[in-house]
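I opened this notebook to record, entry by entry, what I looked up in the structure. The sequence and the coordinates come first, and my entries follow.

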Amino acid sequence: MRLDRIDAIDTAPAAWPSHGLEALGACPVCDHAGREPLLADLRDLVFGIGPGTWTLWRCTACGAGYLDPRPDRATIGLAYAGYYTQEAALTPGRVSAARTRRLARRNAYLNQRWGYALAPALTGPVHLPPIQQRRADRVVRSLPAARAGERLLDVGCGNGAWLDLMRAGGWAVWGVEPDAQSAARAAELGLSVVPDLLTAPFPDQHFDAITLNHVIEHLHDPGAALARCYALLKPGGRLWIATPNLDALGRVRFGPAWRGLETPRHLVLYTASSLRGILAAAGFESIERLPPTDPARGMFLESARIARARRLTWLARARVKWQAWRADRRVSRAPECAEESVVVAVRGSFGEMR
Ligand SMILES: [Zn+2]
């Protein structure tokens, strides 16, 4: 079943300021002008912060989706007031014994697999089921523990909680965060944070790894951002990206209520092939799509709640969980339909000769 309408949404239909709209006319990923409307009358159903209604177009060349018109750089902040990354890094409260044991198992796996020295950790070898291994790998974004002096940059680091973890894993860490409040939270952790990737005063070939966790879909000029990442990486350096997948089964199932749309903060939504294409255009090599880590359940439950604009009854939750279980079965055979894409790419060893 497809949802073609959304019940009882109580967000205000105010318009985005007209002076803050930017028209594109062509795909921001591949510059092709051919396109089809994919979803119209989209609103900020996730946080109800950003005013306006929006159209998502699908590029007929590369398959990416993009808002047009969209908020311009000067006014996009209207859609971020009170955004969730401004929360302070979670301070651990009372943690149950079962949770501590799970954490100790996960840390033991990460220490064994990637060379970290995270605590608390079980002693002796641990064997996690494959899905739990992939989830644990995602915690460190498939980065091994740093050798002496290795540098990591997280673009869109939010409150810095993840960089704080990686610093404990031996990395020398820096962050990029345009939101002043989030950057201030990160600074409270003693992290070095700059506001803008393109103008950040880092020398070329400075970093061993750069990560963008659910960030590239927020960027006005993703090609320029990836070109800067390429320049900042040492030859052989790794780029890690996670982003919602436009071809996700959840997007087809929930349409305008799909959690991954997050209009108007998500300006561009990628398919597996359009993400690969924009990375290759920036010069990256060895572009590898990692297997999905998260079952569809979380995205499906959030999307169903958005579609109904209220909490789900236990019966509705049970039905959505069953649909998500079926979606996961399909994704195991067709990973290009997963709810998110996670990709690792490498700056080639001879990149300095380009
Ligand atoms: Zn395109």
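How far apart do the C-alpha centres of domain 1 and domain 2 lie? I note at the outset that I am working with a predicted model, and in it I find the two centres 19 Å apart. The division I used places domain 1 at residues 18–84 and domain 2 at residues 133–353. I also looked up the contact between them, which takes 30 residues from domain 1 and 26 residues from domain 2.

**Entry: the zinc site**

I turned next to the zinc ion and listed its protein donors, which are the SG atoms of C27, C30, C59 and C62, at 2.3 to 2.4 Å from the ion. The angles among the four donor atoms run from 100 to 116°, and I recorded the site as tetrahedral. For reference, I keep in mind that the ideal angle for four tetrahedral donors is 109.5 degrees. Along the chain the donors follow the spacing C-x2-C-x28-C-x2-C. Within this set, C27 and C59 are 32 residues apart and link distant parts of the chain, with C27 in the loop between β1 (21–22) and β2 (35–42) and C59 in strand β3 (residues 54–59). I checked their accessibility as well, and both C27 and C59 are buried.

**Entry: the sheet that includes β3**

Since C59 sits in β3, I followed that strand into its sheet, an open one of four strands in the order β2-β3-β4-β11 with antiparallel pairing. Its edge strands are β2 and β11 (268–269), each of which pairs on one side only. Between β2 and β3 I find five bridges in the antiparallel sense, and E36 has R58 in β3 as its bridge partner.

**Entry: strand β13 and its partners**

I then looked at β13 (residues 340–346), where six of the seven residues are buried, so that I describe the strand as mostly covered. Strand β10 (residues 233–244) pairs with β13 in the antiparallel sense over seven bridges, while β12 (residues 285–289) pairs with β13, also in the antiparallel sense, over three bridges. V346 appears in both of my lookups, as the bridge partner of R238 and as the residue opposite E285.

**Entry: helices α2 and α5**

In helix α2 (residues 130–139) I noted A136, D137 and R138 as buried, and the elements covering its buried residues include α1 (97–114), β9 (207–213), β10 and β13. Just after α2, R141 takes a positive phi of about 50°. In helix α5 (residues 222–232) the buried residues are P222, A225, L226, R228, C229, Y230 and L232, with β6 (151–155), β9, β10 and α7 (272–281) included in what covers them.

**Entry: nonpolar cores**

Which residues touch the most other members of the largest nonpolar core? Of its 72 residues, I find that these are L153, I210, L239, L279 and F284. The core draws at least three residues from each of domain 1 and domain 2. I followed L153 further and, leaving out residues up to four places away in sequence, found contacts that include W174, L197, F202, F207, I210 and L232. Apart from this core lies another, of 23 residues, among them V126, L143, A146 and L152.

Notes
Residues are numbered from 1 along each chain as its sequence is written. This is a predicted model: local features need pLDDT of at least 70, side-chain atom pairs count only at pLDDT 80 or more; totals for chains, interfaces and linings use all residues. Side-chain values use heavy atoms; hydrogens and water are left out. Donors are N, O and S atoms within 2.8 Å of the metal (3.2 Å for Na, K and Ca); water is not among the atoms, so sites may look incomplete. Four donors count as tetrahedral if all angles lie between 85 and 135 degrees; four count as square planar and six as octahedral if opposite donors are over 155 degrees apart and all others between 65 and 115; anything else is irregular. Helices (H or I, at least four residues) and strands (E, at least two) are DSSP runs, numbered from the N terminus. Buried means under 20% relative accessible area, exposed over 50%, partly exposed in between (1.4 Å probe, protein chains only). Two strands pair if DSSP finds at least two bridges between them. Contact means heavy atoms within 4.5 Å. A nonpolar core is a set of buried Ala, Val, Leu, Ile, Met, Phe, Trp, Tyr and Cys residues joined through side-chain atoms within 4.5 Å. Domain bounds come from an automatic or database domain assignment.
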